[in-house]
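Welcome, and please open the structure in your viewer. We will take a short tour, one selection at a time.

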Amino acid sequence: ARTKILRSAAADAVEPPPPQPFQPSKQLGAVSPLGFFDPAGFTQVGDESGFRNLRATEIKHGRVAMMAAVGAVVQHYAKLPGFEGVPSGLPAAWTANGLFGFAGLFLLSGAVELAVWTQDDKKEPGNFGDPLGLGQYNA
């Protein structure tokens, strides 16, 4: 009789509801006055991996833009050895040394992008840890 009661209680138990699908509009960064801003519709409800990829890409592009802005100012005042005769700004790309420098920067940034600054799925988007080993972010 007891097993019959336990079976009946188990049958009457309510199963927990399925988890809610991933909601991009509820993620960190969707704040007033704009709220969630995706006019082109790149993110889809339930597509967490796609959202994380887009967010990591957005953060990485922002960091590259900041480094480029600093580089545009610094290149006016500082020249690397061997590049003293290269003009500042965009005309540098049309000189031999400037072209070699651009190619070197392009290859270096590509290697860093593919080998060092890779996104770990276990961390939030944009968190690359401490790539220089400075220990600043270890709490």
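Begin by selecting V116, which sits in the segment that follows α3 (96-115). Keep in mind as you look around that this is a predicted model. Is V116 buried, exposed or partly exposed? The relative accessible area of V116 is 46%, so this residue counts as partly exposed, a class that lies between the 20% and 50% cut-offs.

Now add V64, M67 and W117 to your selection. Together with V116, these residues make a nonpolar patch of about 350 Å² on the surface. Switch on a surface display for the whole protein, which exposes about 11600 Å². Carbon and sulfur atoms supply 65% of that exposed area.

Next, go back to a cartoon view. How many helices and strands does the protein have? You should find three helices and zero strands, and from the N terminus on the order of elements reads α-α-α.

For the next stop, select T43, in the loop that connects α1 (2-12) with α2 (48-77). T43 has a relative accessible area of 17%, so it is buried; the cut-off for that label is under 20%. Across the protein, buried residues make up 9% of the 139 residues.

Stay with T43 and show its surroundings. Leaving aside residues up to four places away in sequence, T43 touches P24, F36, D38, F51 and L54. Zoom in on D38: its side chain and that of T43 are joined by a polar contact of 2.7 Å.

Finally, zoom out to the whole protein. Of its contacts with a separation of 6 or more, 39% are between residues 24 or more positions apart.

Definitions and conventions. Residues are numbered from 1 along each chain as its sequence is written. This is a predicted model: local features need pLDDT of at least 70, side-chain atom pairs count only at pLDDT 80 or more; totals for chains, interfaces and linings use all residues. Side-chain values use heavy atoms; hydrogens and water are left out. Helices (H or I, at least four residues) and strands (E, at least two) are DSSP runs, numbered from the N terminus. Buried means under 20% relative accessible area, exposed over 50%, partly exposed in between (1.4 Å probe, protein chains only). A polar contact is a pair of N or O atoms within 3.5 Å; within protein, one must be able to donate a hydrogen and the other to accept it, and residues adjacent in sequence count only if both atoms are side-chain atoms. Contact means heavy atoms within 4.5 Å. Accessible areas come from the Shrake-Rupley method with a 1.4 Å probe; for residues, only the protein chains shown count as cover. Patches are made of residues with over 30% relative accessible area and no salt bridge: like charges are joined within 9 Å, nonpolar side chains (Val, Leu, Ile, Met, Phe, Trp, Tyr) within 5 Å. A salt bridge is a side-chain nitrogen of Lys or Arg within 4 Å of a carboxyl oxygen of Asp or Glu.
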